[in-house]
Amino acid sequence: MKYLTITIISTVLLMALFSIKDKHNLYITPQFENSVLKKIETDSNVTELWEFRGEKNHILLINGGPGVPNYLYPIAKHLNDIGYKVVLYNQRGTGNSINQDGDFALASYVEDIEKIRKELNIKAFHLYGHSWGGLLSQLYFSTYPENVKSLFLSNSAIGTGSEWQIMEKKVMRYNQKQSTMLNWIKLGGLSGTSLIPGNIGDSSSRSMMNLVWKNYFESPKNVEDADQNWLNGIYSTTINETRKALINTEAFKFEHETTIPITILYGERDIYGEDYDIIFNRFNHSNNVILSNSGHLPWIQNKSAYFDILSNFYENGTNHD
């Protein structure tokens with residue numbers, strides 16, 4: 001039995017290693033129309049960001065992950081087209097945002113957002129967060145409530161500590177349901193090899209995220225690979241160390257009274273099951289939406305309805321300027 005177990009584990013790991021596709025290409029920071037690329041530099045860190053020109057107040061878009069570069073340009077373009085200044089950024093340790101000190105504490109992620117606010121000379125901004133970015137938006141708001149004009153939490157991660165662990169189990173079951181037997185075995189192997197430091201871990205994380213990306217859709221086998229440049233900006237250390245920080249932090253509690261506009265949205269086929277009730281109950285005056293014909297990527301899966309909700313929130317549901 002012992003040797004059978006070793007054989008199975010070895011086979012899974014070998015399958016994972018042979019399924020790795022990328023060749024450690026360098027991430028190339030994209031250039032976006034109507035935006036200016038900027039960098040915030042400290043002694044040990046660099047944060048790259050894009051600021052889109054507009055007439056109305058700033059909206060900061062915080063992407064999910066953790067540990068992947070920004071992918072929210074379609075939303076940035078939509079909001080910029082209706083007049084808003086929009087900010088995208090690559091979180092620490094992703095893309096070309098350099099994190100040399102190895103600090104992935106949640107408080108440091110929050111301070112990165114505060115540095116962006118100060119660097120751009122913004123008194124207060126609207127926060128939009130997707131997935132893990134929704135949780136990070138809440139953490140920032142809890143720390144700096146006076147700096148936030150509104151919250152749009154799209155398909156948000158639920159919480160930290162025990163809540164994060166419960167959520168991970170739901171996401172794992174979701175991925176198992178979406179995967180073929182072969183791809184489920186690959187995901188298991190890649191999860192193991194992603195813990196290996198260096199190029200093997202990075203490549204494993206990229207291949208793993210490519211499979212996860214496909215699983216977000218109803219028919220993964222019909223979905224093309226994720227953008228290779230985006231995958232090149234993924235690093236295993238960022239994923240693994242941020243996950244440790246999330247697990248080792250007590251369950252998130254929001255302790256402020258607030259009257260700012262808040263919309264919380266999930267797709268009817270979201271990866272989190274029905275755990276969204278935890279967030280619905282966290283904010284007693286939020287507008288809660290379950291979007292039909294959508295999963296975890298609503299701007300792709302039900303684009304028209306999702307953008308209508310976004311436009312209505314920022315144009316009619318907030319004190320826009």
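In what order do the eight strands of the open sheet stand? In this predicted model, the order reads E1-E2-E4-E3-E5-E6-E7-E8, with mixed pairing. Strand E1 (35-41) and strand E8 (287-291) sit at the edges with a single partner strand each, so one side of each has no neighbour in the sheet. If you look from strand to strand, neighbours are turned by 20° against each other on average, ignoring direction.

Let's start at the E1 edge. Strands of a sheet pair through backbone hydrogen bonds, and they can do that parallel or antiparallel. E1 and strand E2 (residues 46-52) run antiparallel, joined by seven bridges. Along this pair you'll find leucine 37 opposite tryptophan 50 of E2.

Now add the helices. Helix H2 (residues 73-81) lies across E2, strand E3 (56-62), strand E4 (84-89) and strand E5 (125-130), and it runs at about 165° to E4. Helix H12 (residues 303-316) packs on the sheet too, touching E3, E4, E5, strand E6 (148-154), strand E7 (262-267) and E8. The direction of H12 makes about 165° with that of E6.

What about empty space inside? The structure holds one cavity of 30 Å³ or more, and the largest cavity has a volume of about 50 Å³. Its lining is made up of Ile40, Thr42, Asn45, Val46, Thr47, Arg92, Asp112 and Lys115. E2 and helix H3 (106-119) are the elements that give two or more residues to that lining. Sorted by class, the lining residues of the largest cavity come out as two nonpolar, three polar and three charged.

Conventions:
Residues numbered from 1 in each chain as written. Predicted model: local features only at pLDDT ≥ 70, side-chain atom pairs only at ≥ 80, totals over all residues. Heavy atoms only, no water. Pairing = 2+ DSSP bridges. Helix = DSSP H or I, 4+ residues; strand = E, 2+ residues; numbered from the N terminus. Axes fitted to C-alpha atoms, helices over the stretch in contact; angles between N-to-C directions. Contact = heavy atoms within 4.5 Å. 1 Å grid on protein atoms, 1.4 Å probe; cavity = no way out; pocket = protein on both sides within 12 Å on 5 of 7 lines; lining within 4 Å. Points joined across faces, edges and corners; volume = space filled by probe spheres on them. Nonpolar A, V, L, I, M, F, W, Y, C, P; charged D, E, K, R; others polar.
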